[in-house]
Amino acid sequence: MSLPRRRLGASNREVSVLGLGCASYWAHPRFPESRARAVLASALEAGITLYDTGASYGDGLGERRLGSFLRQLDAEIDSLLIATKAGTVRAGNCKLIKDFSPRSIVAQVDNSLERLRLERIGLLQLHGPEVDDLTDELCRVLEKLRDSGKVELLGVNGFAPSIEHAIGHAPFDVLMPFLSVVEPGNVGLAQRASAAGQGVLAAGPLARMSFHPPLKNWLTRPAGLWYLARALYNGPDTFLRARRLKPALQAPGWTPAQLAIAWALEQPGVTAAVFGTTRPEHVRELSQVASRPLPDAVRQRIAQLHAGQRRN
Ligand SMILES: NC(=O)c1ccc[n+]([C@@H]2O[C@H](COP(=O)([O-])OP(=O)(O)OC[C@H]3O[C@@H](n4cnc5c(N)ncnc54)[C@H](OP(=O)(O)O)[C@@H]3O)[C@@H](O)[C@H]2O)c1
């Protein structure tokens, strides 16, 4: 099967409009290997060519799983873009800390290459840096990593203000902001980054399903309990915003998740939406709408609700 593809900014790489996030519970040690592999297999079968993980996901398990499953599944690795993130590391006291020092980033890239079993990382993203972390010295080291062939493309995954600061900023080819129908604040950023020649990956495009909380699933499955705990940890804001959007995300022949993905994919400047799942059937469900335009009535209802939220 093939999915529509889009060029990643001004780079010479094309990716499928859907990317699989090899993160969250997929990268958790409690998620069985066989099920994690089945999700990846379904994504390869659906024609997904973008796989996004991070060194800190599952303390390296996300990268290890992705690297070994791609081989077990005989994937054509050269036709895929494998993305990972550096800068979030486990400190001696077991806490996750940020370390964007050039020396540490170079060492982290070597560790990621080993866990992913790759000679080159398709896209290396800085994982949640602050503006002050984006120093000239770090940028020079990133360029050297690219020149050495260990990394192909460079990017920033994070929040304002650093992700705003990275718009049009060399050497970053790609930005990965949070962007979903529930959290549309980065729609303008996607447009500006794209105009500056950068690819834009929408992270969390389902807003963790906050607009349609699958309470039954959350309460009856280990994966569900994990997502519920994270949602509670993140606070109620997303859920309160999402509650107002719920009536808009309904249309015959569509699931709410499909509508949320179709909305993300039609935002100007967005190259691909990177979603997470623990179920092969959800990969298939979302792949079905990768080239389907959002129904006009849904687009209008969402636009009205967003306008109302901006006024309040
Ligand atoms: N969230 C973060 O903090 C964060 C930060 C940086 C980058 N990112 C990137 O963004 C990617 C996605 O983030 P995410 O996984 O946190 O959020 P997400 O993709 O917005 O939502 C994942 C949730 O959606 C559910 N889901 C997926 N497909 C579904 C469908 N068709 N129907 C109903 N429910 C569905 C999943 O449950 P099931 O398992 O039941 O499908 C899971 O609970 C990550 O993998 C990562 O690469 C995320």
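**Helix packing, ligand shell and backbone in a predicted model**

User: In this predicted model, at what angle do helix H3 and helix H4 pack, and how are they oriented to each other?

Analyst: Helix H3 covers residues 102-116 and helix H4 covers residues 136-148, and their axes are 9 Å apart. The packing angle is about 25°. Angles under 35 degrees count as roughly parallel, so H3 against H4 is roughly parallel.

User: Is the crossing of H3 and H4 left-handed or right-handed?

Analyst: H3 and H4 pack with their axes 9 Å apart. The handedness of their crossing is right-handed.

User: How are H1 and H11 oriented to each other, and what is the hand of their crossing?

Analyst: Helix H1, residues 33-46, packs with H11 at an angle of about 20°, the axes being 8 Å apart. That angle makes H1 roughly parallel to H11. The crossing in which H1 passes H11 is right-handed.

User: Which residues come nearest to the ligand?

Analyst: The ligand has 29 residues around it. Those that come nearest are Asp52, Gly276, Thr277, Thr278 and His282.

User: What is the distance from a polar side-chain atom of His282 to an oxygen atom of the ligand?

Analyst: His282 belongs to the group of residues that come nearest to the ligand. Its polar side-chain atom lies from a ligand oxygen atom at a distance of 2.6 Å.

User: How much of the ligand's accessible area does the protein cover?

Analyst: On its own, the ligand has 890 Å² of accessible area. The share of this that the protein covers is 90%.

User: Which element gives the largest share of the shell around the ligand?

Analyst: Two or more residues of the shell come from each of helix H8 (222-233), strand E12 (272-275) and helix H11 (280-287). The largest share is three residues, and the element that gives it is H11.

User: What are the distances from the side chains of Arg230 and Arg279 to ligand oxygen atoms?

Analyst: For Arg230, an N or O atom of the side chain is 2.9 Å from an oxygen atom of the ligand. For Arg279, a polar side-chain atom lies from a ligand oxygen at 3.1 Å.

User: How many residues of the ligand shell are nonpolar?

Analyst: The shell also holds eight polar and seven charged residues. The nonpolar residues number 14.

User: Which prolines follow a cis peptide bond, and where are they?

Analyst: The bond from Ala160 to Pro161 is cis, with omega near 0°, and Pro161 is in the loop between strand E9 (151-157) and helix H5 (162-165). A cis bond with omega about 5° also joins Ala170 and Pro171. The loop between H5 and strand E10 (174-176) holds Pro171. The prolines are Pro161 and Pro171.

User: What is the phi of Ser24, and where is this residue?

Analyst: Ser24 is not a glycine, yet its phi is positive, about 45°. Its place is the loop between strand E3 (18-21) and H1.

Definitions and conventions:
Residues are numbered from 1 along each chain as its sequence is written. This is a predicted model: local features need pLDDT of at least 70, side-chain atom pairs count only at pLDDT 80 or more; totals for chains, interfaces and linings use all residues. Side-chain values use heavy atoms; hydrogens and water are left out. A residue is near a molecule or strand if one of its heavy atoms lies within 4 Å of it. A polar contact is a pair of N or O atoms within 3.5 Å; within protein, one must be able to donate a hydrogen and the other to accept it, and residues adjacent in sequence count only if both atoms are side-chain atoms. Accessible areas come from the Shrake-Rupley method with a 1.4 Å probe; for residues, only the protein chains shown count as cover. Helices (H or I, at least four residues) and strands (E, at least two) are DSSP runs, numbered from the N terminus. Ala, Val, Leu, Ile, Met, Phe, Trp, Tyr, Cys and Pro count as nonpolar, Asp, Glu, Lys and Arg as charged, and the others, Gly among them, as polar. Axes are lines fitted to C-alpha atoms, for helices over the stretch in contact, and angles run from 0 to 180 degrees between N-to-C directions. Angles under 35 degrees count as roughly parallel, over 145 as roughly antiparallel, 65 to 115 as roughly perpendicular and the rest as oblique. A crossing is left-handed if the near helix is turned anticlockwise from the far one by less than a right angle, and right-handed if clockwise.
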